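Biologist: Before I use any of the labels on this model, I would like to hear what stands behind each of them.

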Amino acid sequence: MNVIAARHLTILGLMAVTAVPAVSAQDLFLPNDTTLNSTNPVSAPFSAIVGFANFDDYINGLNPTSPTIGIVAGANVNSLETHNSSIINMSGGRVGSGSFLGEILSGDNSVINITGGTVFNLDVQGNSTVNFSGGTVEDDIVTHDNSTANMSGGLVRQDLLINADSTFNLSGGHVLDDIFVQDNSILNIFGNNLKSTLLDPNFEGFYSEYVLSGDLLDRRDITGRIIFVQNLSGASFTLTDEPGAVPEPGILALLAGTACLGAPLLHMRKQKRN
């Protein structure tokens with residue numbers, strides 16, 4: 001077993017014995033527009049729940065709201081999850097910690113805009129959209145369902161795990177570890193002079209392994225970047241040469257380019273953590 005496979009099996013082993021804390025009446029419920037800063041921290045193991053006024057409404061799906069929440073410098077939030085059509089604008093502060101598997105979890109039709117600050121883990125579910133243009137994700141960005149993630153900047157210290165019919169539009173930023181595309185999902189890459197070469201059509205018996213070259217739209221060189229595309233699942237990626245400014249998130253999905261189809265079954269995928 002190689003280093004990549006061993007690492008992902010280790011992650012799954014840890015997740016099997018460590019659960020994200022359940023929502024409780026002691027959590028901070030945010031039904032109205034507000035800003036999270038140094039004056040209203042959310043300590044572990046509690047969460048900030050956006051889109052409901054209280055625990056009873058949350059568990060019964062009653063009286064949903066769609067506030068706009070700001071997260072700014074000084075904020076310290078153990079975990080945050082969004083519901084309905086809420087909007088999160090994060091420009092600073094911190095959400096999540098490794099000790100409690102804290103994260104931002106986006107659900108329903110919510111929109112999360114991250115331009116700064118630090119997030120431990122970013123989990124994108126439902127029909128939600130995440131626009132990530134700055135700041136740091138210390139662990140992974142994980143996408144599921146029919147969600148969309150647009151990454152035009154920022155730093156991901158671990159992996160991109162693109163799952164289950166989701167769309168990931170990559171035009172900038174830096175991913176330090178691996179990129180997996182699986183479960184009928186698609187990765188769209190935008191830049192200049194982009195090319196891909198198939199290295200192994202059956203890596204670990206599950207993936208097509210590609211190496212990329214060229215620059216993203218923010219001029220970051222991705223030559224040597226490896227991506228793994230899950231075989232026999234409809235997973236795919238595209239390369240689009242688009243000189244000029246980074247496209248607006250709303251039109252990223254319309255910029256179709258040369259498709260490099262892969263496919264496949266990921267036996268080491270991350271599970272949903274809610």
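**Labels and their cut-offs**

Modeller: Strand 20 and strand 23 pair in the parallel sense, over 6 bridges. This is a predicted model, in which local features need pLDDT of at least 70 and side-chain atom pairs count only at pLDDT 80 or more, while totals for chains, interfaces and linings use all residues. Residues are numbered from 1 along each chain as its sequence is written, and side-chain values use heavy atoms, with hydrogens and water left out.

Biologist: What makes strand 20 and strand 23 a pair?

Modeller: Two strands pair if DSSP finds at least two bridges between them. Strand 20 and strand 23 have 6 bridges, so they count as paired. Within this pairing, isoleucine 189 stands opposite leucine 239 in strand 23. The strands themselves are DSSP runs (E, at least two residues), numbered from the N terminus.

Biologist: Why is strand 23 called largely enclosed?

Modeller: Because 5 of the 6 residues of strand 23 (residues 236-241) are buried. Buried means under 20% relative accessible area, exposed over 50%, and partly exposed in between (1.4 Å probe, protein chains only).

Biologist: Why is serine 86 called buried?

Modeller: Its relative accessibility is 0%, so serine 86 falls under the 20% limit. Serine 86 sits in the loop between strand 6 (80-82) and strand 7 (87-90).

Biologist: What is serine 86 in contact with, leaving aside its neighbours within four places in sequence?

Modeller: Contact means heavy atoms within 4.5 Å. On that basis the partners of serine 86 are Val50, Gly51, Thr65, Ser66, Pro67, Ser110 and Val111. The C-alpha atoms of serine 86 and asparagine 109 are 7.4 Å apart, with their positions 23 residues apart in sequence. The side chain of serine 86 also reaches the backbone oxygen of histidine 83, at 2.7 Å.

Biologist: How do you know that arginine 94 and glutamate 138 form a salt bridge?

Modeller: The term requires a side-chain nitrogen of Lys or Arg within 4 Å of a carboxyl oxygen of Asp or Glu. For arginine 94 and glutamate 138 the closest N and O atoms are 2.9 Å apart, so the pair qualifies. Arginine 94 is in strand 8 (residues 94-95) and glutamate 138 in the loop between strand 14 (136-137) and strand 15 (141-143), so the bridge ties together parts that are 44 residues apart in sequence. A search of the whole structure finds 1 salt bridge.

Biologist: Are those two residues, arginine 94 and glutamate 138, buried, exposed or partly exposed?

Modeller: Arginine 94 has 26% relative accessibility and so counts as partly exposed. Glutamate 138, at 27%, is partly exposed as well.

Biologist: What makes the phi of aspartate 165 worth listing?

Modeller: Phi of aspartate 165 is near 65 degrees, a positive value in a residue other than glycine. Aspartate 165 lies in the loop between strand 17 (160-162) and strand 18 (167-175). At 39% relative accessibility, aspartate 165 counts as partly exposed.

Biologist: What is meant by the largest nonpolar core?

Modeller: A nonpolar core is a set of buried Ala, Val, Leu, Ile, Met, Phe, Trp, Tyr and Cys residues joined through side-chain atoms within 4.5 Å. The largest has 45 residues, and those with the most contacts inside it are Leu80, Ile104, Phe168 and Leu187. Apart from that core lies another, of 6 residues, among them Phe180, Phe203, Tyr207 and Phe228.

Technical notes. Helix = DSSP H or I, 4+ residues; strand = E, 2+ residues; numbered from the N terminus. Polar contact = N/O pair within 3.5 Å; in protein donor to acceptor, adjacent residues only side chain to side chain.
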